[in-house]
Structure formats: C-alpha cells, structure tokens
Amino acid sequence: MIIGITGSIGSGKTTVAKLFSRHHYSRIDADEISHGLMGKNSVIYKKLIIAFGNEILDANKNIDRRRLSNIVFNDDKKLKKLNSVMHQIIIKNIKNEISKIKKKCVGNAKIIIDAPLLLETKAKNLADTVIVVKCDKKNVIKRLSRIYAREKIEKILNAQMPLREKLKHADFVVDNNKDLKRLEKQVVKIIRSLEGNE
Ligand code: ATP
C-alpha cells in the first residue's frame, strides 16, 4: 500500500507522515530527497548554478536552500525553472526508494510518501491513496514563525495549489488545527480504515 501525503507549507505533512511511521509505514520524504540531490558538485548542483547563478551558494559553496527559495518564490518563471530541474529526478528517486522498500519487505509493503508537490506532479500516480493535511493560515504562520517571516509564508502559500483544489484529490483529509493528540487520533482512524480493522 502506498499513501501519498500532501498539503500546503507547514500544514503538518511531515508530522503526520512520522506518525504513520510509528505504525510501521516506511516514510519517503521528497524534501529530503531533493536536499540530497543538491550536494556539492552533483549533476543537480551544477544545473542549479547554471540556472540561478552563484548567488544561490553559501560561503562554503554549498547550495543555500533559503537563498534559492527566496529567488524562486519571488519569480514565477524561476519557480517553474526550478521545478523543471527537480521534478523528474525526485520522482525517479522516489521510485527507487519504493523498489528498495518492497524488496526488503515480506508481504505487502506499507509506504508513505511525504511530497509537497504530490498532486502537481506525476508522483500522485505512485500513490494508491491520497491524504491531504489542512491547517489554517494563522496556525501555519504561528508554527513556522521561528523559521520564516509571515510575508514569505504568504508568498509560498500563494504559489501553491489552493487547498480547495488539493481537497478534490483527497481520499482522506487530516485537520491539523488542534493539538498533536488529536492529530494522532485521526491518523489511527485512517490506518484502521485502510487496514480494514474498523
Ligand atoms: P513544510 O511544508 O515546511 O515541509 P510540513 O507540512 O511538513 O512543513 P511540519 O514540518 O510537519 O509541516 O510542521 C510544521 C511545524 O509545525 C513543525 O515545527 C511541527 O512540529 C509543528 N506542528 C505540526 N503539527 C502541529 C500541531 N498539531 N500542534 C503544534 N505544532 C505542530
């Protein structure tokens, strides 16, 4: 069984995916894959420097993802460019991860793919079930305030597929406006429903 989980920035995708991993789901994180692909002197590293210039590098010549995101979330064309460099290779890596997990697994593998752009890309074809995590903007802003300024969160939210569109693809919706206990209850309920124990 392969679950795809998505939602807007800071909605709680990773938190929910980690709750699934407590219930023996193997987690594949598209952001971690993307990060790993940007290592110094990798093919993607070189492609990104050609596309965006040395201004995306930090003092140690590593790609500074914050700088990169500041560039692309201020320019739609650049965001499209970044996506055109990253999407296909991320999906290829997700497929590889799925194969590795399936090989190791006795019986049916239980996998959760945490992918912000699940529905915007062909990654959605990999999932049997789609979960959308929703969270009100005010709570996202509060929860991410240590990492991002409000203005940046709003820019990213505006660049993403609107929640109402995401919800059209959802088999399950998780409401992450309350505490973590209530989040876990919803996760357990979904697992019961998926695994037929209800
Ligand atoms: P991103 O889009 O940045 O990858 P995300 O959708 O994966 O984010 P998380 O990283 O899971 O979201 O959550 C964002 C922040 O909110 C984290 O610091 C997380 O610990 C916190 N958080 C998530 N859910 C809750 C909750 N129900 N109550 C309080 N804090 C929460």
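Let's start with Lys77, which sits in helix H5. Keep in mind that this is a predicted model. Lys77 is exposed, at 70% relative accessibility, and H5 itself, residues 76-104, helps cover the buried residues of helix H3. From there we can look at H3, at the packing of H1 on H9, and at a few loop residues.

**Two pairs along the chain**

- Lys77 and Ala109 are 32 residues apart in sequence, and their C-alpha atoms lie 39 Å apart in space.
- His35 belongs to helix H2, and with 46% relative accessibility this histidine counts as partly exposed.
- His35 and Ile63 are 28 residues apart along the chain, with 9.3 Å between their C-alpha atoms.

**Helix H3 and its two faces**

- H3 runs over residues 43-52, and its buried residues are Ile44, Tyr45, Leu48, Ile49 and Phe52.
- Why do these five belong to the same side of H3? They span an arc of only 135° around the axis, so they end up on one side of the helix.
- Flip to the face turned away from that buried side and you'll find Val43 and Ile50, both exposed.
- What lies over the buried residues of H3? The cover includes helix H2 (30-37), helix H4 (65-72) and helix H5 (76-104).
- So H2, the home of His35, and H5, the home of Lys77, both turn up in that cover.
- Just after H3 comes Gly53, with a positive phi of about 85°.

**H1 against H9**

- Helix H1 (residues 13-22) packs on helix H9 (residues 180-194) at an angle of about 55°, and the two axes are 10 Å apart.
- That angle makes H1 oblique to H9.
- As for handedness, H1 and H9 cross in a right-handed way.
- On the H1 side, the contact uses Thr15, Val16, Leu19, Phe20 and Arg22.
- Across from them, H9 brings in Leu180, Leu183, Glu184, Val187, Ile190 and Ile191.
- Sorted by class, the contact of H1 with H9 has 8 nonpolar residues, 1 polar and 2 charged.

**Loop residues with positive phi**

- As background, most residues other than glycine have a negative phi.
- His24 isn't a glycine, yet its phi is positive, near 70°.
- Where is His24? His24 lies in the loop between H1 and strand S2 (26-29).
- His24 counts as exposed, because its relative accessibility is 66% and the cut-off for exposed is over 50%.
- Lys61 is another residue other than glycine with a positive phi, this one near 65°.
- The loop between H3 and H4 is where Lys61 sits.
- Lys61 is exposed too, with a relative accessible area of 53%.

**A buried loop residue**

- Gln160 is found in the loop between helix H7 (150-159) and helix H8 (163-168).
- Is Gln160 buried or exposed? Gln160 is buried, because its relative accessible area is 16% and buried means under 20%.
- Which residues does Gln160 touch once its neighbours within four places in sequence are left aside? Gln160 is in contact with Ser8, Ile9 and Lys166.

Conventions. Residues are numbered from 1 along each chain as its sequence is written. This is a predicted model: local features need pLDDT of at least 70, side-chain atom pairs count only at pLDDT 80 or more; totals for chains, interfaces and linings use all residues. Side-chain values use heavy atoms; hydrogens and water are left out. Buried means under 20% relative accessible area, exposed over 50%, partly exposed in between (1.4 Å probe, protein chains only). Helices (H or I, at least four residues) and strands (E, at least two) are DSSP runs, numbered from the N terminus. The arc is that of the directions from the helix axis to the C-beta atoms. Contact means heavy atoms within 4.5 Å. Axes are lines fitted to C-alpha atoms, for helices over the stretch in contact, and angles run from 0 to 180 degrees between N-to-C directions. Angles under 35 degrees count as roughly parallel, over 145 as roughly antiparallel, 65 to 115 as roughly perpendicular and the rest as oblique. A crossing is left-handed if the near helix is turned anticlockwise from the far one by less than a right angle, and right-handed if clockwise. Ala, Val, Leu, Ile, Met, Phe, Trp, Tyr, Cys and Pro count as nonpolar, Asp, Glu, Lys and Arg as charged, and the others, Gly among them, as polar.
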